[in-house]
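Here is my note on the model you sent. Please keep the structure open while you read.

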Amino acid sequence: MARPPLAPAPETRPTTISGWTVVDVRDGTAVLDGPDGIRMAARGDTIPGLGRVETIVRWGNRWIVGTANGLIAAP
C-alpha cells in the first residue's frame with residue numbers, strides 16, 4: 001500500500017508569555033519580572049501561571065526561558 005507524499009508543515013512559533021520578561025540569569029537561575037514582581041526560577045521549578053521551567057538558554061545576545069506554557073524573553 002502506497003503512502004501519501006509528505007507535505008511540509010507550516011512553521012509554528014512558540015507562544016511568548018505576555019507580562020513576563022527575563023531580567024538576568026545567574027548560575028543557572030533566571031531572574032524573571034512578572035505581574036507579581038520579581039521571581040527567581042531554575043530549571044525544574046514550577047511557577048504559578050507559567051508552569052514548569054523547562055529550559056534556560058542564551059539565544060544570540062538574549063536569554064530565553066522555556067516553560068510548559070510558552071517562552072519568556074529578555075526585552
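The points below go from the whole chain to single residues.

1. Start with the status of the model. It is predicted. Keep that in mind for each point that follows.

2. Next, the secondary structure. The protein has 0 helices and 7 strands. Along the sequence, the pattern reads β-β-β-β-β-β-β. The radius of gyration is 16 Å, whereas the globule rule gives 11 Å for 75 residues, so the protein is more spread out than a compact globule.

3. Now the overall dimensions. Along the principal axes, the C-alpha atoms fill a box of roughly 55 × 25 × 20 Å. The accessible surface is about 5,600 Å². Carbon and sulfur atoms account for 53% of that surface. Of the 75 residues, 29% are buried.

4. Consider how far apart in sequence the contacting residues lie. Take the contacts with a separation of 6 or more. Residues 24 or more positions apart make up 26% of them.

5. Look at strands 2 and 3. Strand 2 covers residues 29-34, and strand 3 covers residues 37-42. The two pair in the antiparallel sense, over 6 bridges. A hairpin through 2 residues joins them. One of the bridge partnerships links G34 with G37, which is in strand 3.

6. Which residues touch the most other members of the largest nonpolar core? They are W20, V22, L32, I47, V65 and I72. The core holds 14 residues in total. Strand 1 (21-26), strand 2 and strand 5 (51-59) each supply at least two of its residues.

7. Follow I47 from that core. Setting aside neighbours within four places in sequence, I47 is in contact with W20, L32, R39, A41 and V53. W20 and L32 also appear among the core residues that touch the most other members.

8. Turn to T67, which sits in strand 6 (residues 62-67). Is T67 buried or exposed? Its relative accessible area is 9%. Buried means under 20%, so T67 counts as buried.

9. Finally, see what surrounds T67. Its side chain reaches the backbone oxygen of L50 at 3.3 Å. Leaving out residues up to four places away in sequence, T67 touches I17, L50, R52, V53, E54 and I72. L50 is therefore on both lists for T67: the side-chain reach and the wider set of contacts. I72 links back to point 6, as one of the core residues that touch the most other members.

Key: Residues numbered from 1 in each chain as written. Predicted model: local features only at pLDDT ≥ 70, side-chain atom pairs only at ≥ 80, totals over all residues. Heavy atoms only, no water. Pairing = 2+ DSSP bridges. Helix = DSSP H or I, 4+ residues; strand = E, 2+ residues; numbered from the N terminus. Core = buried A, V, L, I, M, F, W, Y, C linked by side-chain atoms within 4.5 Å. Buried < 20%, exposed > 50% of the residue type's maximum accessible area, 1.4 Å probe, protein only. Contact = heavy atoms within 4.5 Å. Rg over C-alpha atoms; globule rule 2.2 N^0.38 Å. Areas by Shrake-Rupley, 256 points an atom, 1.4 Å probe, with all protein chains shown as cover. Polar contact = N/O pair within 3.5 Å; in protein donor to acceptor, adjacent residues only side chain to side chain.
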